[in-house]
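Reader: Hi, I have a structure open and some quick questions. Can we go through it together?
Author: Sure, bring it up and ask away.

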Amino acid sequence: MAMNLTGKHYTWFQNRDCEYFPCHNDVREEDFNCLFCYCPLYRSDNCGGGFIVRNGIKDCSYCLLPHNDESYAYISAKLREEGLFSKK
């Protein structure tokens with residue numbers, strides 16, 4: 001079931017004062033979502049993001065999944081799917 005998040009301001013946040021903003025170069029600054037600065041799916045092997053493994057460590061440097069306008073719906077659904085987020 002798709003979530004209707006139209007007008008839900010809690011799904012998007014931007015911190016232009018952050019010394020790392022934007023931390024990824026492939027997203028337009030005005031579209032960059034800082035809400036999931038640290039991705040809650042990092043520990044998931046099946047996160048759906050664009051990561052690589054270097055020396056046994058997950059490297060998400062090139063993953064833009066948590067920084068777009070659809071990230072809230074995707075990440076919260078994925079956390080529910082894995083039983084890590086309330087179903088309410």
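**Salt bridges, a patch and a pocket**

Author: By the distance rule used here, the count comes to five salt bridges. Keep in mind that this is a predicted model.

Reader: OK. Which residue forms a salt bridge with Glu 30?
Author: Arg 28 does. The closest N and O atoms are 2.8 Å apart.

Reader: And which residue does Asp 31 meet in a salt bridge?
Author: Arg 28 again. The N to O distance there is 3.2 Å.

Reader: So what are Arg 28, Glu 30 and Asp 31 linked in?
Author: A network of salt bridges.

Reader: Is Arg 28 buried or exposed?
Author: Arg 28 counts as exposed, because its relative accessibility is 53% and the cut-off for exposed is over 50%.

Reader: What about Glu 30?
Author: Glu 30 counts as partly exposed, at 45% relative accessibility. Asp 31 is partly exposed too, with a relative accessible area of 36%.

Reader: Give me another pair. What does Asp 59 meet in a salt bridge?
Author: The side chain of Arg 54. The N to O distance is 2.6 Å.

Reader: Are those two buried or exposed?
Author: Asp 59 is buried, with a relative accessible area of 16%. That follows because buried means under 20%. Arg 54 is partly exposed, at 42%.

Reader: New topic. Which residues form a nonpolar patch on the surface?
Author: Tyr 38, Tyr 42 and Ile 57. Together they have about 340 Å² of accessible area.

Reader: Where is Tyr 42?
Author: Tyr 42 is in the segment before strand E1, which covers 52-54.

Reader: Why can Tyr 42 belong to a patch?
Author: Tyr 42 has a relative accessible area of 31%. Patch residues need over 30% and no salt bridge, so Tyr 42 passes on area. Tyr 42 counts as partly exposed.

Reader: Now pockets. What volume does the largest pocket have?
Author: About 380 Å³.

Reader: How many residues line the largest pocket?
Author: The largest pocket is lined by 23 residues. Nearest its centre lie His 24, Phe 36, Cys 37, Tyr 38 and His 67.

Reader: Wait, Tyr 38 was in the patch?
Author: Yes. Tyr 38 is part of the nonpolar surface patch, and Tyr 38 also lines the largest pocket.

Reader: How do the residues of that lining divide?
Author: There are 18 nonpolar residues, four polar and one charged.

Notes. Residues numbered from 1 in each chain as written. Predicted model: local features only at pLDDT ≥ 70, side-chain atom pairs only at ≥ 80, totals over all residues. Heavy atoms only, no water. Patch = residues over 30% accessible without salt bridge, like charges linked within 9 Å, V, L, I, M, F, W, Y side chains within 5 Å. Areas by Shrake-Rupley, 256 points an atom, 1.4 Å probe, with all protein chains shown as cover. Salt bridge = Lys/Arg side-chain N within 4 Å of Asp/Glu carboxyl O. Helix = DSSP H or I, 4+ residues; strand = E, 2+ residues; numbered from the N terminus. Buried < 20%, exposed > 50% of the residue type's maximum accessible area, 1.4 Å probe, protein only. 1 Å grid on protein atoms, 1.4 Å probe; cavity = no way out; pocket = protein on both sides within 12 Å on 5 of 7 lines; lining within 4 Å. Points joined across faces, edges and corners; volume = space filled by probe spheres on them. Nonpolar A, V, L, I, M, F, W, Y, C, P; charged D, E, K, R; others polar.
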